[in-house]
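Colleague: I am new to reading models like this one, and I would love a close look at a single part. Could you take me through the second largest pocket and what goes with it?

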Amino acid sequence: MTRIFMFPGQGAQRVGMGRELFDRFPALEEQASDVLGYSLRTLCLEDPDGRLGDTRCTQPAMFAVNALALRAHLEDTGERPDLAVGHSLGEYNALQAAGAFGFTDGLRLVAARAEAMARTGGGMSAVIGLPETRLRFLLLRAGFGSLDLANLNTPGQIVLAGPVEDLEEAAPILEDAGARAVRRLAVSGPFHSRYMAPAAERLYPVVAATRFAPLTVPVLANATALPYEQERIGDLLLQQIHQPVRWCRTVESILDGEYGPEPEFTEIGTGTVLTGMLRQIRRERGAAVGAPGHR
């Protein structure tokens, strides 16, 4: 058996997340609030100013809750991963799980990432029911060269990123061409697209000043769907901002046994978004829902 820990990213946040974790780890909650300059507990449990949907707050909050959930899981089960993966922001939690940095250093990195990414306008839309090759052809034929494929989540779920007006104009065209649905996502930027290259440049000084400790287990990078090389951790974190999240390829390589037999996936953090994607990938690969290795 190969134990896989996977961590969700932005989009899985919800008011009320982390309640039991803050009560269990008050010292870490206090550390997070000191680093961020505001109460993590108040943001996550009450969100009185509606900032949980602001990228600058969403990403640090998600990282912190995922990290506390990891701490709880390790204490409760004694399980250690053989491989760690994370979707977008969740990749920072995967790296933390592998020992690349600690809780507060990771939180500082994520806060800097969020600040850099929040300064680029645009949006994202999820396209359901069109395979990648078909979607690329339709965008090309309709003249939407401004839109990038940002998240390759499953064979039938792909997220586009780009200017808001182009996303809105493309939606009915894609639905007429066979998409089951095209839904705008509640994000404020065109993440994981060419438009985020300036954000990577803004984050570069922070990443360059960070010392990454040796990884204790492999971590698969969103940008390449391949294991991180120790000397390229910073480079790949910068690439991740403006390159697609190759989640489907990442999961399929694990299911194909490239990193060990009988993979067992455990989603750690808020919600079950990645568990749902895993189920969909298995289904679209022709595997039975609920096959061994999924929980």
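Modeller: Happy to! A pocket here is an open set of grid points where the probe fits, with protein on both sides within 12 Å along at least five of seven lines. Please keep in mind that this is a predicted model.

By that rule, the second largest pocket has a volume of about 170 Å³. Its lining is made of Ala67, Leu70, Arg71, Leu74, Arg80, Pro81, Gln96, Ala97, Thr216 and Val217. Two helices, α4 (55-77) and α5 (90-97), each bring at least two residues to this lining. The largest share is from α4, which gives four residues. As for chemistry, the lining holds six nonpolar, two polar and two charged residues.

Now let me show you a closed space. Searching the whole structure turns up one cavity of 30 Å³ or more, and its volume is about 30 Å³. Leu28, Ala67, Leu68, Arg71, Gln96 and Phe103 line this cavity. You may recognise some names: Ala67, Arg71 and Gln96 line the second largest pocket and also the cavity. Helix α4 comes up again, since it gives the most to the cavity lining, with three residues. That lining divides into four nonpolar residues, one polar and one charged.

Phe103 from the cavity lining leads us on to the aromatic rings. The model has three aromatic pairs. In one of them, phenylalanine 103 pairs with phenylalanine 63; the ring centres are 6.4 Å apart and the planes differ by 20 degrees, and the pair is stacked. Phenylalanine 63 belongs to helix α4 and phenylalanine 103 to helix α6, so this pair ties together parts that lie 40 residues apart in sequence. Where do these two side chains sit, buried or exposed? Phenylalanine 63 counts as buried because its relative accessibility is 0%, and the cut-off for buried is under 20%. Phenylalanine 103, at 9%, counts as buried too.

Another pair joins tyrosine 92 and phenylalanine 101: their ring centres are 6.5 Å apart and their planes meet at 40 degrees, so the pair is tilted. Both of these residues are buried. Phe212 comes in as well, because ring pairs link Tyr92, Phe101 and Phe212 into a cluster.

A ring can also have a charge over it. The charged end of arginine 51 sits over the ring of tyrosine 38, at 4.7 Å from the ring centre.

To put your pocket in context, here is the largest one. The largest pocket has about 500 Å³ of space. It is lined by 27 residues, and the closest to its centre are Gln10, Gly11, His87, Asn151 and Leu185. The elements giving two or more residues to that lining are α6 (103-117), β3 (123-128), β4 (148-154), β5 (157-162) and α12 (273-284). Its lining splits into 14 nonpolar, eleven polar and two charged residues.

So when you turn the model, try starting from α4: this helix gives four residues to the second largest pocket, three to the cavity, and holds phenylalanine 63 of the stacked pair.

How values were computed:
Residues are numbered from 1 along each chain as its sequence is written. This is a predicted model: local features need pLDDT of at least 70, side-chain atom pairs count only at pLDDT 80 or more; totals for chains, interfaces and linings use all residues. Side-chain values use heavy atoms; hydrogens and water are left out. On a 1 Å grid over the protein atoms alone, a cavity is a set of points where a 1.4 Å probe fits but cannot get out, and a pocket is an open set with protein on both sides within 12 Å along at least five of seven lines; lining residues have an atom within 4 Å of a point. Grid points are joined across faces, edges and corners, and a volume is the space filled by probe spheres set on the points. Ala, Val, Leu, Ile, Met, Phe, Trp, Tyr, Cys and Pro count as nonpolar, Asp, Glu, Lys and Arg as charged, and the others, Gly among them, as polar. Rings of Phe, Tyr and Trp (its six-membered ring) pair if their centres lie within 6.5 Å; planes under 30 degrees apart count as stacked, over 60 as edge-to-face and the rest as tilted. Buried means under 20% relative accessible area, exposed over 50%, partly exposed in between (1.4 Å probe, protein chains only). A charge sits over a ring if NZ of Lys or CZ of Arg is within 6 Å of the ring centre and within 35 degrees of the ring normal.
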